[in-house]
Number of protein chains: 4
Amino acid sequence: MAKEYWINDIDQAAMGADSIAMSESRMPVLNKLNTRFTNEQPLAGITIGACLHVTPETAVLVRTLKAGGAKVVLCGSNPLSTQDDVAAALVKDGFNVYAWKGNDAEYYDCLRLTLAQSPDIVIDDGADLIVTAHTEAKNLVQNMIGSQEETTTGVKRLRVMEQEGALKTPVIAVNDASIKMMFDNRYGTGQGVVSAIKALNVLFAGKSVIVAGYGWCSKGLAMRAKGLGANVVITEIDPLKALEAVMDGYRVMPMAQAAKIGDLFVTITGDINVIRKEHFENMKSGAIVANSGHFNVEIDIPALQKLAAKTRKEVRQFVDEYTLPNGHKIFILADGRLINLAAAEGHPASVMDMSFATQALSTEFALKEKKDAGVYSVPKEIEDYISKLKLETMGIKIDELTEEQKEYLSSWEMGT
Amino acid sequence: MAKEYWINDIDQAAMGADSIAMSESRMPVLNKLNTRFTNEQPLAGITIGACLHVTPETAVLVRTLKAGGAKVVLCGSNPLSTQDDVAAALVKDGFNVYAWKGNDAEYYDCLRLTLAQSPDIVIDDGADLIVTAHTEAKNLVQNMIGSQEETTTGVKRLRVMEQEGALKTPVIAVNDASIKMMFDNRYGTGQGVVSAIKALNVLFAGKSVIVAGYGWCSKGLAMRAKGLGANVVITEIDPLKALEAVMDGYRVMPMAQAAKIGDLFVTITGDINVIRKEHFENMKSGAIVANSGHFNVEIDIPALQKLAAKTRKEVRQFVDEYTLPNGHKIFILADGRLINLAAAEGHPASVMDMSFATQALSTEFALKEKKDAGVYSVPKEIEDYISKLKLETMGIKIDELTEEQKEYLSSWEMGT
Amino acid sequence: MAKEYWINDIDQAAMGADSIAMSESRMPVLNKLNTRFTNEQPLAGITIGACLHVTPETAVLVRTLKAGGAKVVLCGSNPLSTQDDVAAALVKDGFNVYAWKGNDAEYYDCLRLTLAQSPDIVIDDGADLIVTAHTEAKNLVQNMIGSQEETTTGVKRLRVMEQEGALKTPVIAVNDASIKMMFDNRYGTGQGVVSAIKALNVLFAGKSVIVAGYGWCSKGLAMRAKGLGANVVITEIDPLKALEAVMDGYRVMPMAQAAKIGDLFVTITGDINVIRKEHFENMKSGAIVANSGHFNVEIDIPALQKLAAKTRKEVRQFVDEYTLPNGHKIFILADGRLINLAAAEGHPASVMDMSFATQALSTEFALKEKKDAGVYSVPKEIEDYISKLKLETMGIKIDELTEEQKEYLSSWEMGT
Amino acid sequence: MAKEYWINDIDQAAMGADSIAMSESRMPVLNKLNTRFTNEQPLAGITIGACLHVTPETAVLVRTLKAGGAKVVLCGSNPLSTQDDVAAALVKDGFNVYAWKGNDAEYYDCLRLTLAQSPDIVIDDGADLIVTAHTEAKNLVQNMIGSQEETTTGVKRLRVMEQEGALKTPVIAVNDASIKMMFDNRYGTGQGVVSAIKALNVLFAGKSVIVAGYGWCSKGLAMRAKGLGANVVITEIDPLKALEAVMDGYRVMPMAQAAKIGDLFVTITGDINVIRKEHFENMKSGAIVANSGHFNVEIDIPALQKLAAKTRKEVRQFVDEYTLPNGHKIFILADGRLINLAAAEGHPASVMDMSFATQALSTEFALKEKKDAGVYSVPKEIEDYISKLKLETMGIKIDELTEEQKEYLSSWEMGT
């Protein structure tokens, strides 16, 4: 099963290289890290297995890791999200890449090929690679220095493993860093989803948009949909998040009720079957249903197919029309896969700059401070360091504490 | 020069038909008009020459006009905006269509082919067809029942003609109807531009976005860019509009100053050379420049080419990179053509539903009440009628005046 | 009935002078006009009768008119809106003032005292003074040079008079100027209402706020309530305005339905009995009901009193609690009088600067160009002039048309 | 020094009782707790010393604590924030109250009177009472069951004490609960500040508003100022917060630069001398400067007084005008004390409902689970419990996890 690479079309490499160059020009923090890594070689001699969406931004990350001395092996973290030209360009650059758009059948084989290279560190997006390592490559896991996880969904899986004592490697929860969640999850996802949906030519102004979930990603989406003029409704199962949504000016109601009024539904919850048979049956004709959660389990498409399989019709790329027995038409986008990656190009380079800088620095940190198995936070210093670099590259200056202010902050005696 | 049609590829008709069907399902007001027109045949026996962006929404309009009894001849109103599959589907439907994407050289020939069919009524988008009729087909103009104009730019041209005594036909300024400007110009353009630009994977959050102009279209864009998290700056030449922009919370400054701070520039002014040599020379490296005004004259691309012609490089579709002598890179989108139509699909069906219902009803009105040459408003009754239909199709009920309220509104004696 | 003044307490003059000074410092456009008027004396020899809310900003206006050579007589335009200290300061300045806070009984006598001074020009706010002149002082009306109206409600009354042939004097509809409506009606009212209500310590975040009407004032309120985190619902009787509200992202429904879900209701419609018995009966307990329309007729308080008169209890200043037979408590603010003036100080000086500059310049204009009876618009030049002055005083520069641009705008031949 | 109470005017008790009743009707969660506490008597026999802003909402809290069986002694947590009528009403109810508006000189004496009652638990707002207990009543501190802190500033002081080993009692950081920060700090403060400032008749639309700090409170203020149409600029010393502000669409710059462009400045940082001499000297004439941080140290008023002490003039209540040597006028609000409490009534009841429910339940929790000295978080169960109650009282239903969903969330094997 040893292969140097397994991609769709090596001839697309030149196009991919152009794409990567454009993203690179919009990722100044990674560029600065690249320069430092080139000089300092902090990753010299290690092998990194990365399971990520194969996009131009990921290419800029893996090049930075390579600049630091690492060998990087890359597989896709979603069957639909690989950009084939980028994969080709990376192969030309000498990376082992196992990924192509539309890889449903051999998805896990690509993960296995990655693990076969015995990575010292695994960078994951959804935890498929880490989980596979635990189930199929137990020896490898014992010897790994560590791993890093990019998504809310993946961190949730790994925390369950930790609680059950099944986790055998240290994991840095890159996803949970503020600098990742606030920008990538919130603003990256928010804009990505509305853009992907808009690309299907849906006007947001005046529409009732139902967002399932009110975590960072869904908050970003709700904010952007509102910013485009939609009337947004939130569904939640957590009372504190539900209350926050109310106070943020949204309506909150159970999905059973929201199903009846929505023009557009988007799930971003990390849970299964959030939109189900009974919801489909109550939707208005013309309703559009999409998912932006990591896995395509949030919309119960099998249930819809039971209701209306024969009526399925692809009306344009990424848009399937189903006609229910009641005559209502329902449009499912991108088969329920995360819409912003499936039907668009994923997050903008300028936001991935921060998330992937966090990945690169977390790898460096993992090598310096080895840990026991468990889920760890990104150190605050890494977040501050990236924030400073990012502001600097934007030409933005901020205040510094005066001596008097520092002293005041470290005292407690002075009151009213 | 007689041709039944002149399009790119008749074999794309099936795909175009699917697209049209999808738009049709999102244009309920036009569907209702279609039914009435079919029954009443108000346009029986007339020929309509339409110069419009050849999109699925336009297809739904021309089908409605045909349902009312008219013969419709269609040419494109912009060299880049034609969707070839839609053009093919319309030819299959029996329309005379003269349009294809990328028609620079024979653009005016297509207009001439349209006029050659002796239209009784002309529906225009930018006034190219009406102006051409005035300059090349004077006899035809004398005999035309009337015409209709869809854009701010076109209405401006026609008003100048009227002032100079050059206008020889009545024109209904469909563009100026509130129901058109508030929704199509403001929200259609606003969302369209941000989507087209986002499709190029630019994050709006945290970016300085410079919008040239503060009319309906630019207001919509400013609002949407702000809604996506950008920091928006407005440039204007009209003091009242500038003041409104300030009060709306935007910064206002001359372009010479804005040029230095913008990450993204969009012109929507209806004027020429709004971004010029001296502005390019002061831009930050990486600046992105686009136009959403009707004509591609707002950005002085010839000046940029003088500065940096040899460096031009297409880095992805619709994105040209220029490197100035100072080393700064500037990205021009879609050659300065209106970005929302060139790089995306134009306005969503649900908003064109209102604009094109206004077109259909204005045609019916023009036949009923013939006018002298001049620019006319859309009657308020048409706007109210469409508003009512639209609300009805959205399932929204509103209040009605009580008898007591009607009486109060028609009185003046009752005060404090 | 001749009196030099009729106010509450002349001893408050010093306090009023301080208030006026503070407003004056925030009205730079009027200050500039004051300087010019002092030099040019454009109003020399005329008498102006002004019926306005007696606030510090009004004081700055009447001083400007006086600086221009006019004699100014002032009465209040609302029983509750007079600031007694300002009235006192103006009397000390030598103005004839007939106004005090809480003047219900002698409200019209104050108007009569104003008319008794035979004004050449009347500046009105709600049209009470103009209507009274028409009904009680017909000779005066015949000889008046003109009049000016500040409110939507007043302009509506005067247009009805014009249609019925009852209007005997030219009126400049100052209210309808863009520079007045966009800023004073929209942003002045918007902020004023939310502030007045907030002063009663109501949190907007998470509340359902029902706004009756979607004109300029109500749009401003809706925008501000949304900006403070409320979930806003609009009721309307005009389909086009209703549709605009939908597209702006609000829910739209009849009041009968909104009554059941609102936490806070505000009427700004210009019509009578917009909230009625059947609405009160369906409200949630704790609902707060206020009006910001010009007259206190929009809430049917007599109907509420029939339902629950005995339970009325003033729970704090400007807040009356009523307990309905169903046990629900309803809170009426400021007796249904326009809340932003009754419970707060009216519009900020910086916004009245533009509206009152329009008044001052309209008076100058009326003297120069005498007109027949009828309702007239403010000339566009006045709006542009004020906009320029305002921008200048804010230190904001804007672009100017190049020669090439001017020429382009005045041409029609150049197209695609 | 033993006194039963020390307040301004016992005769205002009736007015205070009305105020409290109105707030009570808007605090349904505390009402529900009151009922349960009355039945269960969880606080029987303990004495609580509370140092809080003496407002109607605080009255509802202390009544709830009393209903649970506690004896409550109350002093003010700020010299300017006491509402004298509420203090009087509480004395009538039998509480020991030591507080009045304007208590600068005997502020600490009131704290001492509170400690003299030997509280078992201390509820603090700014940490003055806890710190005073540590410095002046060491025996008491040793025996206290615990304490609770309401503010960011207070928690910061207590954490410094903890780090230095000076903290001798367990403290529950009520401030840090999400249910407190998200609503009270963010939306309470946000609306409170804009309302207090607006009450001084300042229009936000079009103004440059400089917010110092980007924590929860300042975020709320920035959002609300933007929601009212202002152009908001943030200053920060933390790079991550600064970056978040940029991504949220605000401009970020050092205060030295912001000083030159601001129309309105508000500090909410928790630090000293954030606006200093060099900033005052560069402000535009007419600039307004306010503080909403807990202590009045954020604006360096002594420095301003050195510059311009003789020119100080109170132009209206809470507004002092200073004229600098350069002729510029600067307006300081409420002497730099937290503006929303000094010049307005503090946070709305509906938001304090959640914060004070957290206080009440934290007290109950502290009695159940005794801890060592240190700073502790509010248990997540308390937050969820309050969220559920609050949603319930708002009539809002949310989804519940299905069995299938629960199982999915507790698994990690299922991936792509």
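This briefing covers how chain A meets chains D and B, and then one residue inside chain A. The model is predicted. It scores ipTM 0.91 and pTM 0.93. Chain A averages a pLDDT of 94, and 99% of its residues score at least 70. Chain A and chain D bury about 6200 Å² between them. For chain A and chain B the figure is about 3000 Å².

**How chains A and D are related**

- A rotation of 180 degrees superposes chain A on chain D, with an RMSD of 0.0 Å.
- The shift along the rotation axis is 0.0 Å.
- That is the relation of a two-fold axis.
- Both copies use the same surface: 100% of the contact residues of chain A recur in chain D.

**The A–D interface: extent**

- The contact joins 70 residues of chain A to 70 residues of chain D.
- Of the area buried between chain A and chain D, 65% is on carbon and sulfur atoms.
- Leu240(A), Trp412(A) and Thr416(A) lose the most area to chain D within chain A.
- Together, Leu240(A), Trp412(A) and Thr416(A) account for 14% of what the chain A side buries.

**The A–D interface: polar links and make-up**

- Five salt bridges are found across the interface of chain A and chain D.
- Arg186(D) and Asp248(A) form a salt bridge, with their closest N and O atoms 4.0 Å apart.
- There are 28 residue pairs in polar contact between chain A and chain D, counting pairs with both residues at pLDDT 80 or more.
- Several helices of chain A each supply at least two residues to the side that touches chain D, among them H5 (107-115), H6 (128-136), H8 (152-163) and H9 (178-198).
- Helices H11 (239-247), H17 (380-393) and H18 (403-409) of chain A also each supply at least two residues to that side.
- By class, the side of chain A that touches chain D has 36 nonpolar, 13 polar and 21 charged residues.

**The A–B interface: extent**

- Chain A puts 36 residues into the contact, and chain B puts in 37.
- Carbon and sulfur atoms carry 53% of the area buried between chain A and chain B.
- Gln191(A), Asn201(A) and Leu203(A) lose the most area to chain B within chain A.
- Together, Gln191(A), Asn201(A) and Leu203(A) make up 19% of what the chain A side buries.

**The A–B interface: polar links and make-up**

- Zero salt bridges are found across the interface of chain A and chain B.
- Polar contacts link 12 residue pairs between chain A and chain B, both residues of each pair being at pLDDT 80 or more.
- Helices H1 (13-24), H9, H10 (216-227) and H16 (349-368) of chain A each supply at least two residues to the side that touches chain B, as does strand S12 (313-316).
- H9(A) gives the largest share of that side, six residues.
- The side of chain A that touches chain B divides into 17 nonpolar, 11 polar and eight charged residues.

**Inside chain A: Arg36(A)**

- Arg36(A) lies in helix H2 (residues 28-40) of chain A.
- Beyond its neighbours within four places in sequence, Arg36(A) is in contact with Leu361(A), Glu364(A) and Tyr385(A).
- With Tyr385(A) there is a polar contact between side chains, at 3.4 Å.

Conventions: Residues are numbered from 1 along each chain as its sequence is written. Chains are lettered from A and ligands numbered from 1 in the order in which they are written. Side-chain values use heavy atoms; hydrogens and water are left out. Copies are superposed by least squares on the C-alpha atoms of residues with pLDDT of at least 70 in both. Contact means heavy atoms within 4.5 Å. Buried area is the accessible area (1.4 Å probe) that two parts lose on being put together, summed over both. A salt bridge is a side-chain nitrogen of Lys or Arg within 4 Å of a carboxyl oxygen of Asp or Glu. A polar contact is a pair of N or O atoms within 3.5 Å; within protein, one must be able to donate a hydrogen and the other to accept it, and residues adjacent in sequence count only if both atoms are side-chain atoms. Helices (H or I, at least four residues) and strands (E, at least two) are DSSP runs, numbered from the N terminus. Ala, Val, Leu, Ile, Met, Phe, Trp, Tyr, Cys and Pro count as nonpolar, Asp, Glu, Lys and Arg as charged, and the others, Gly among them, as polar. pLDDT is the predictor's confidence in each residue, from 0 to 100.
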